[in-house]
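Subject: Structure for your review

Dear colleague,

Please find below a structure that I should like to hand over to you. I would ask you to look at it first and then to read the notes that accompany it.

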Amino acid sequence: MLAEALAALAAAGGGAVVQAAGTDAWNGLRHRVGEIFGRAGTARAAAELNRLDQTARVLASAATADVAAQRLRQEGVWAARFEILLEELDEAGRERAAAELHDVMAFVAASAGSTAIATGRAVAHNGGSAVTGIKNTGEGHPGPARAMHTGDAEATGENSSAVSGIVNE
């Protein structure tokens, strides 16, 4: 059984895979994940790269209603893949793979930016404001942002605003 910290790392790695899918970070993540699994052999690396490609296809083709469920499912699939790998390695290999997985997550966080998918409805009344998606405030925006299948936006009343997507203020 994997220690709690490594299990959490594997789960975060699964999240990074899903976060990078469909973004400019994908090729970098794919390469780095291939290297991590490559330590377990080239056949294993090739199989995992094929699985990554399948994940990208599944997420790209998911119907609007299924996007959130597919993202959760794929996060779980990749968390399990990373857990299995970490369990199979000796202590030194596990430490090296864990460090590389941390690097992958940092890369994705810096490259993929914020993602909002299958959000709800933004409704603002009587001078209020509402956003369904991503709202970046301040001078420094945290990097790229992506919003897909965001909900409807409705604003009623003077000075009301509702946005479905991305707002940079």
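The notes below begin with the whole chain and then turn to particular helices and residues.

Please bear in mind throughout that this is a predicted model.

The chain as a whole

The protein chain contains 5 helices and 6 strands. Read from the N terminus, the order of these elements is α-α-α-α-α-β-β-β-β-β-β. The chain has 169 residues, and 37% of them count as buried. Its accessible surface amounts to about 8,900 Å², and carbon and sulfur atoms contribute 49% of that area. Among contacts with a separation of 6 or more, 72% join residues that are 24 or more positions apart.

The nonpolar core

The largest nonpolar core has 29 residues, and the members that touch the most other members are Leu29, Val33, Leu52 and Phe82. Two or more residues of this core come from each of α1 (4-20), α2, α3, α4 and α5 (91-112). Leu29 may serve as an example. If neighbours within four places in sequence are set aside, Leu29 is in contact with Ala16, Val17, Ala20, Leu52, Val104, Phe107 and Val108.

The packing of two helices

In general, the packing of two helices is described by an angle between their axes and a distance between those axes. Here, helix α2 (residues 26-38) packs against helix α4 (residues 67-88) at an angle of about 35°, and their axes are 11 Å apart. The crossing of α2 and α4 is left-handed. Which residues in α2 and α4 meet? On the side of α2 they are Val33, Ile36 and Phe37, and on the side of α4 they are Trp78, Arg81, Phe82 and Leu85. By character, the residues of this contact are 6 nonpolar and 1 charged, with no polar residue. Val33 and Phe82 thus appear both in this contact and in the list of core members that touch the most others.

Two residues of helix α3

Arg44 belongs to helix α3 (residues 42-61). Is Arg44 buried or exposed? Arg44 counts as buried because its relative accessibility is 17%, and the limit for that term is under 20%. Not counting residues up to four places away in sequence, Arg44 touches Phe37, Arg81, Ile84, Leu85 and Glu88. Of these, Phe37, Arg81 and Leu85 also take part in the contact of α2 with α4.

Thr55 is found in helix α3 as well. Thr55 counts as buried because its relative accessibility is 3%. Apart from its neighbours within four places in sequence, Thr55 is in contact with Val17, Gln74 and Trp78.

Two asparagines in loops

Asn126 is located in the loop between β2 (122-125) and β3 (129-136). Its phi is positive, at about 50°, although Asn126 is not a glycine. Asn126 counts as exposed because its relative accessibility is 74%, and the term applies over 50%.

Asn159 is located in the loop between β5 (153-156) and β6 (161-168). Asn159 likewise has a positive phi, near 65°, in a residue other than glycine. With a relative accessible area of 65%, Asn159 is exposed.

I would suggest that you look at these places in the structure in the order given above.

Yours sincerely,

A colleague

Definitions and conventions. Residues are numbered from 1 along each chain as its sequence is written. This is a predicted model: local features need pLDDT of at least 70, side-chain atom pairs count only at pLDDT 80 or more; totals for chains, interfaces and linings use all residues. Side-chain values use heavy atoms; hydrogens and water are left out. Axes are lines fitted to C-alpha atoms, for helices over the stretch in contact, and angles run from 0 to 180 degrees between N-to-C directions. Helices (H or I, at least four residues) and strands (E, at least two) are DSSP runs, numbered from the N terminus. A crossing is left-handed if the near helix is turned anticlockwise from the far one by less than a right angle, and right-handed if clockwise. Contact means heavy atoms within 4.5 Å. Ala, Val, Leu, Ile, Met, Phe, Trp, Tyr, Cys and Pro count as nonpolar, Asp, Glu, Lys and Arg as charged, and the others, Gly among them, as polar. Buried means under 20% relative accessible area, exposed over 50%, partly exposed in between (1.4 Å probe, protein chains only). A nonpolar core is a set of buried Ala, Val, Leu, Ile, Met, Phe, Trp, Tyr and Cys residues joined through side-chain atoms within 4.5 Å. Accessible areas come from the Shrake-Rupley method with a 1.4 Å probe; for residues, only the protein chains shown count as cover.
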